[in-house]
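Biologist: Could you walk me through this one? I'd like to hear the reasoning behind each label, not just the label.

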Amino acid sequence: MKNLFIALEGIDGSGKSTQVKLLSDNLKHIGHHIYTTCEPTNSPIGAMIRSIFKHQIEADHRTIAGLFVADRLDHILNKRNGILYQMEQGFTVISDRYLFSSYAYQGAHIPLEWVIAANSLSAEIIQPDLTIFIDISPEISMQRLNKGRDSLELYETLENLKNVQEKYYEAFDILKEKQKVFIVDGNRTSGFIAEDIWKEVERLINPKLPQ
Ligand code: ADP
Ligand code: TYD
C-alpha cells in the first residue's frame, strides 16, 4: 500500500483540524499508518511565529514570510520527525496547512510571485499527492472564531480572511498545472464534508474508481 502526503487548507476556522481527524480515522480503517502534523510547526521557528501571531512580539510581514520558509524546510527535512523521515518510515502524512497557506496569507500582504519563489525549494523537495481546500465563507469562519476564542490572532479579521480566500484562488489558478487541489464546500456539517473528502481520497488511492 502506497503511503500518501495530504495537505488540508482553508482560512482560519474553516474546519481543517476537524477534517484532519476524520480523514485520519478513515485512512486508519483501511490500514494506513498515519502521522498528523501542522504548520506553523511545534519547532522553535514555529514557536516564534506563534508568538508573533499572539502579539507577544512584533514583526514585519516580510519577516513572517521568511520565518514560514524556514519553518517549512525544517518541517520537511527534520531528521527526527520531518515529513520526509515519516514518509520513509511508511507513514501517510496529513498536514494541517502547507505551501498554499503561505501563498494565500503572505500573498495577501506581499507579492505572490515572491512568496512562490521563496518557497520553491520546499515545493521542489516534496509536493502533496493531494491538497484539500475547505471553502467556507469568511463570515461563517469569523463567527466560529469569535465563539471559540478569547482573543483573535494577527490574521483573524474579516477583511484579511476575505483577502486570504481570494489569494488562495489566485494561487490555485497560477499553479493548476503543478499541484492537485480538491475544493470542498465547507459551509455544511462536518459529516458531509468528510464524505466528499473521503470519496476524493479513495479516487486518489484507486484511480480506477468512477470519477
Ligand atoms: P480550523 O482547524 O480550520 O481552525 P477547526 O476544525 O478547529 O478549524 O474548527 C473551528 C471551529 O468550528 C471548532 O469549534 C469546530 O468544532 C467547529 N466546526 C468545524 N467544522 C464545522 C462544521 N462543518 N460546521 C460547524 N462547525 C464546525
Ligand atoms: P493555524 O494554527 O492552522 O490556525 P487555525 O487553526 O485558526 O486555522 O494557523 C495559524 C495561523 O498561521 C493562521 O492564521 C494562518 C497562518 N499561516 C500563515 O500565515 N502562513 C503559513 O504559511 C502558514 C502555514 C500559516
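Biologist: Let's start in the middle: which residues does tyrosine 105 touch, not counting residues up to four places away in sequence?

Modeller: Bear in mind that this is a predicted model. Tyrosine 105 touches Gly10, Ile11, Asp12, Arg97, Tyr155, Leu161, Val164 and Tyr168.

Biologist: What makes Tyr105 stand out in the largest nonpolar core?

Modeller: That core has 37 residues, and Tyr98, Tyr103, Tyr105 and Tyr168 are the ones that touch the most other members. The elements giving two or more residues to this core include β1 (5-9), α5 (99-106) and α9 (158-174). There is also a second, separate core of 17 residues, with Ile6, Ile94, Phe182 and Ile197 among its members.

Biologist: Why is glutamine 165 called buried or exposed, whichever applies?

Modeller: Buried means under 20% relative accessible area. Glutamine 165 has 10% relative accessibility, so it counts as buried. Glutamine 165 lies in helix α9, and, leaving aside neighbours within four places in sequence, it is in contact with Ile11, Phe133, Asp135, Ile136 and Pro138.

Biologist: And how do you know which class histidine 55 belongs to, buried or exposed?

Modeller: Exposed means over 50%. Histidine 55 comes in at 51% relative accessibility, so it counts as exposed. You'll find histidine 55 in the loop between α2 and α3.

Biologist: What makes the backbone of histidine 55 worth a remark?

Modeller: Its phi. Most residues other than glycine have a negative phi. Histidine 55 has a positive one, near 65°, and is not a glycine. Histidine 55 follows α2. Within α2, Gly46, Ile49, Ser51, Ile52 and Phe53 are buried, and what covers the buried residues of α2 includes α3.

Biologist: Which other residue has a positive phi, near 85°?

Modeller: Arginine 97, again a residue other than glycine. Arginine 97 sits in the loop between β3 (92-96) and α5. The cut-off for buried is under 20%, and arginine 97 has a relative accessible area of 11%, so it is buried.

Biologist: What makes the peptide bond from glutamate 39 to proline 40 cis or trans?

Modeller: Look at omega: the value is near -5°, and the bond is cis. In general, most peptide bonds are trans. Proline 40 is in the loop between β2 (34-38) and α2.

Biologist: Why is leucine 77 put in its accessibility class?

Modeller: Partly exposed covers the range between the 20% and 50% cut-offs. Leucine 77 has a relative accessible area of 46%, so it is partly exposed. Leucine 77 belongs to helix α3. Its C-alpha is 27 Å from that of isoleucine 57, with the two positions 20 residues apart in sequence numbering. Leaving aside neighbours within four places in sequence, leucine 77 is in contact with Leu84 and Ile125.

Biologist: On to the ligands. How do you know that arginine 97 makes a polar contact with ligand 2?

Modeller: A polar contact needs N or O atoms within 3.5 Å. A polar side-chain atom of arginine 97 lies 2.8 Å from an oxygen atom of ligand 2, so the pair passes the cut-off. An N or O atom in the side chain of lysine 16 is likewise 2.8 Å from an oxygen atom of ligand 2, and one in the side chain of glutamine 106 is 2.7 Å from a nitrogen atom of ligand 2. On its own, ligand 2 has 560 Å² of accessible area, and the protein covers 92% of that. In total 16 residues surround ligand 2, and Asp12, Lys16, Arg97, Ser102 and Gln106 are the closest.

Biologist: What makes the contacts of arginine 144 and serine 14 with ligand 1 count as polar?

Modeller: The same cut-off of 3.5 Å. Arginine 144 has a polar side-chain atom 3.2 Å from a nitrogen atom of ligand 1, while a polar backbone atom of serine 14 is 3.2 Å from an oxygen atom of ligand 1. Taken alone, ligand 1 exposes 560 Å², of which the protein buries 63%.

Biologist: Which helix gives the most to the shell around ligand 1?

Modeller: That's α1, with 3 residues. Both α1 (16-29) and α10 (190-205) supply at least two. By class, the shell has 1 nonpolar, 7 polar and 3 charged residues.

Terms used:
Residues numbered from 1 in each chain as written. Chains lettered and ligands numbered in written order. Predicted model: local features only at pLDDT ≥ 70, side-chain atom pairs only at ≥ 80, totals over all residues. Heavy atoms only, no water. Polar contact = N/O pair within 3.5 Å; in protein donor to acceptor, adjacent residues only side chain to side chain. Areas by Shrake-Rupley, 256 points an atom, 1.4 Å probe, with all protein chains shown as cover. Helix = DSSP H or I, 4+ residues; strand = E, 2+ residues; numbered from the N terminus. Nonpolar A, V, L, I, M, F, W, Y, C, P; charged D, E, K, R; others polar. Core = buried A, V, L, I, M, F, W, Y, C linked by side-chain atoms within 4.5 Å. Buried < 20%, exposed > 50% of the residue type's maximum accessible area, 1.4 Å probe, protein only. Contact = heavy atoms within 4.5 Å. Near = heavy atom within 4 Å.
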